Amino acid sequence: MSVLDSTTTILSSGVRLTVPLAFAACGEYLAQRAGAMNISVEAMMLGAAFTSVATASATGSATAGLVVGVVTGLVLGFVHGNLSHRAQINTFVVGLVLNALVLGLTSYLITTQQFTSHQVGVLSIPLLQDIPLIGEPLFSGRWPAYLLILLVPLTWWLVTRSRWGLELRAVGENPQAADVAGIKVNARRRQALLWCGAMAGLGGAYLAVGEVGSFNQNMTAGRGYIVIAAVIFGAWRLGRTLIGCMVFGLSDAMRLALPALGVTLNPQLLVAAPYLLALIAMLLFASQHREPAALGRPFQRGST
Amino acid sequence: MSSVSLMNPDDLGRRFLARLRPGRDGWLTAGVTFALVIVALGASALLLTMNGASPSASLSAIWDGSLANSTGWTATLLNAAPLLLVAVGAAICASAGTFNIGQEGQVLIGGLFGAWVGLRLALPGPMMVVAVMAAAAVGGGLWAGLSALMYRFRGVNVVVSTLLMTFLAIQLVTFAVSSPWLQESAQGSSGIADAQSNPLPASALLADFGEYPSLLVNAGLFIALIAAAGAALVLSRSRWGFRVRMVGLNPLAAKHTGVRVSVLGGFTLALSGAFAGLAGGLLLASPVSPNRLQAGLSDNVGWDGLLVALVARNRPLIAIPVAFGFAVLRAGGDFLSATGVPYFLVDIVKALLVLAFVAPPVLVSLFRGRRGATPSTPSPQPVVPTKKMEAAA
């Protein structure tokens, strides 16, 4: 295998591992800008991965699985939103419990059910896919991957250009002031979590019916936490968050590919890289107030 | 400048913890909790039935594996001790208003330090096991202490940093057990090392009381019980415990009475890590594990111990029966998986039960709030707005 070929292989694998992260990161980015520190993004991805495979197996249509995956994410976002931004249960507790619940539930169901394998189709862009080195990785993917071309600008526009996004950011920075200005703080956060659920669901479903074609126990394997790390690494800016996803996706691809190429590099260091980089980023950014000021703080009128 | 917002421990943690204190609606909360527990168990039974398993058979399997005979009791008590230690640590740092969710990693690092000392040092007699336990506690304490330092000097959110540090700890331990550091024998053999350390020498293990077929009680249980009783006593009766609770309830008032809020908050965080690390030492040196360091040593004990503290509402003495209950589920779950029902069922039941215990106080206060009555939880007036804190300095 030539160097060019193996580079293309690693890049392809890196892109495939980046896309689910990128979908979920769009959602998590928006939720964190609204001040909702959503650690149940792992549950959203895992739950969506499971239901998408189950639906695809039942209906024979991977696309239906994708849709049901998005719905699963929405449902989990709804549950999380109502528990932590209506009933005001601590958002980290809700996240931990939801993650444990979905992990247990999907692990239990996968041992008792059998699913047939379905996968969405590959969409190759003519001409562009023939570009050496980057043609195959970027222009010959499963078709839902191209949704990113729409959804990333949409997320950016929603957060930075729409009135709704302005209110979201106000809620994330200063909920008291937003409340006084007549913005329903907790309603905005619940809406942000719905968006996060839909996007994380799409990411999880893409992983399952897009790339793998089947479900295995704990198949997201902490990707939700990597998404959180990416948002922190990106200092709560969408572009840098996506760069973070790319770095983490590529490091994952390297970890898988390096043994085959005969390179001995410490795999644990590559697995740990996202968390390490996120911690370093936090050490650098925390004192610069890059994070939404009310990130992770519950809002209750009259209590602060 | 951020230096002052660093003075008070995590605001969001304290807000949440204020909600967990028992309110005036004790009976109503208890009733709602009971109803939700029934719902949680009913949902689990429904899930079992839908998948063709028998809920009653599963329940009796959990019973057989945990409480029906002395073997079951042995397994349950072995599981209970580390859970209790983790929960006591979580309760201490929660009393100071800091929310640590990285116990899983702290348990692992405790195991790593304990294994390193156990395999590298050769001390006479009982000194050995003491050294292993001390090293485990120091390891967990240092790991949590890193989060405390990051908060103190850079303002990094404690909840997020302890969470991220957990994943680092998992990789660190995976690396350590696959490297020759902890394996004298692996160096000469084939290139592929086992992903576990050498077994600890017998002198480094905690003593067992009792014979195998009958009830066997490990010394770790006494360590955990003493820790729980000691923590309860210190928190409720000592001057230091009073300061800790004052910081948890109202850091600004605590600061004005001369308490060094940031130092105390950071210290309780490190202390909770030390308890989690000690739990890792217990796992390593008691028969619940193969007495080798493995990446799976913690086996969710950190997460479960945190859930124990949540259910016990951060009271160390209440954590004793709750840890026992969780240990019943863990020991019973192992037995259950042998009967063909996946162990994961226990994880589902645990998650639902935690929701059933965490939700009611909040639901009750929400219900009261809607009706326009006074809120049942003491109003969170202790919470100091960060902006005001910043302006004040």
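# Exercises on a predicted two-chain model

In this predicted model, residues 143-159 of chain A are 76% helix and 0% strand, with end C-alpha atoms 26 Å apart. The exercises below start from that span and then move on to chain B.

## Exercise 1: Annotated spans in chain A

Task: Find where UniProt places the feature "transmembrane region" in chain A, and describe the span 91-110.

Solution. Step one is the record: an unreviewed UniProt entry places this feature at residues 48-79, 91-110, 143-159, 192-209, 221-238, 245-263 and 269-287 of chain A. Step two turns to the coordinates: residues 91-110 of chain A are 100% helix and 0% strand, and their end C-alpha atoms lie 28 Å apart.

## Exercise 2: Where the chains meet

Task: Work out how many residues of each chain are in contact with the other, and which helix of chain A gives the most to this side.

Solution. Begin with the count: 37 residues of chain A are in contact with 41 residues of chain B. Next, look at the helices of chain A: H4 (91-112), H10 (223-233) and H12 (267-285) each supply at least two residues of the side that touches chain B. H4(A) gives the most, with 13 residues. Finally, sort by residue class: this side of chain A divides into 23 nonpolar, 13 polar and one charged.

## Exercise 3: An overview of chain B

Task: Describe the make-up of chain B, then examine two of its annotated spans.

Solution. Chain B has 16 helices and two strands, and buried residues make up 57% of its 393 residues. For contacts between residues at least 6 apart in sequence, 78% join residues at least 24 apart.

Now bring in the record. The "transmembrane region" annotation, from an unreviewed UniProt entry, covers residues 27-50, 70-93, 129-151, 158-177, 215-236, 257-285 and 341-363 of chain B. Two of these spans can be checked against the model:

- Residues 70-93 of chain B are 100% helix and 0% strand, with end C-alpha atoms 35 Å apart.
- Residues 257-285 of chain B are 86% helix and 0% strand, with end C-alpha atoms 43 Å apart.

## Exercise 4: Two helices, two patterns of burial

Task: Compare the expected and modelled spans of H4(B) and H7(B), and say which residues of H4(B) are buried.

Solution. Take H4(B) to start with. At 1.5 Å a residue, the 12 residues of this helix (55-66) should span 16 Å, and the 17 Å between the end C-alpha atoms agrees. Its buried residues are B:Ser58, B:Ala61, B:Ile62, B:Gly65 and B:Ser66. Viewed down the axis of H4(B), they fall within an arc of 115°, so they line one face of the helix. The helical repeat is a useful reminder here: an α-helix has 3.6 residues a turn, so residues three or four places apart point the same way.

Now H7(B), residues 127-154. Its 28 residues reach 39 Å from first to last C-alpha, close to the expected 40 Å. Of those 28 residues, 20 are buried, so H7(B) is largely enclosed by the rest of the structure. B:Gly155 follows the helix and has a positive phi, near 70°.

## Exercise 5: Inside the core

Task: Identify the residues that touch the most other members of the largest nonpolar core, and trace the contacts of B:Ala319 and B:Val86.

Solution. The core has 227 residues, of which B:Leu84, B:Ala87 and B:Ala319 touch the most other members. Helix H5 (residues 70-95) of chain B provides the largest share of this core, 16 residues.

Beyond four places in sequence, B:Ala319 touches several residues, including B:Leu84, B:Ala87, B:Val88 and B:Ala91, as well as B:Ala228 and B:Val308.

B:Val86 lies in H5 of chain B and is buried, with 37 other C-beta atoms within 10 Å. Its contacts beyond four places in sequence include B:Gln103, B:Val107, B:Phe275, B:Val301 and B:Leu306.

## Exercise 6: Positive phi in a loop

Task: Decide whether B:Arg313 and B:Asn314 are buried or partly exposed.

Solution. Both sit in the loop between H13 (301-311) and H14 (316-338) of chain B. The cut-off for a buried residue is 20 or more other C-beta atoms within 10 Å. B:Arg313 has 19, so it is partly exposed; B:Asn314 has 22, so it counts as buried. As for the backbone, phi is near 50° in B:Arg313 and about 60° in B:Asn314, positive values in residues other than glycine.

Terms used: Residues are numbered from 1 along each chain as its sequence is written. Chains are lettered from A and ligands numbered from 1 in the order in which they are written. This is a predicted model: local features need pLDDT of at least 70, side-chain atom pairs count only at pLDDT 80 or more; totals for chains, interfaces and linings use all residues. Helices (H or I, at least four residues) and strands (E, at least two) are DSSP runs, numbered from the N terminus. The expected span of a helix is 1.5 Å times one less than its number of residues. A residue is buried if 20 or more other C-beta atoms lie within 10 Å of its own, exposed if 12 or fewer, and partly exposed in between; C-beta atoms are placed from the backbone. The arc is that of the directions from the helix axis to the C-beta atoms. Two residues are in contact if their C-beta atoms, placed from the backbone, lie within 7 Å. Ala, Val, Leu, Ile, Met, Phe, Trp, Tyr, Cys and Pro count as nonpolar, Asp, Glu, Lys and Arg as charged, and the others, Gly among them, as polar. UniProt positions are given in the numbering used here, feature names are shortened, and annotations may be inferred rather than shown by experiment. A nonpolar core is a set of buried Ala, Val, Leu, Ile, Met, Phe, Trp, Tyr and Cys residues joined through C-beta atoms within 7 Å.
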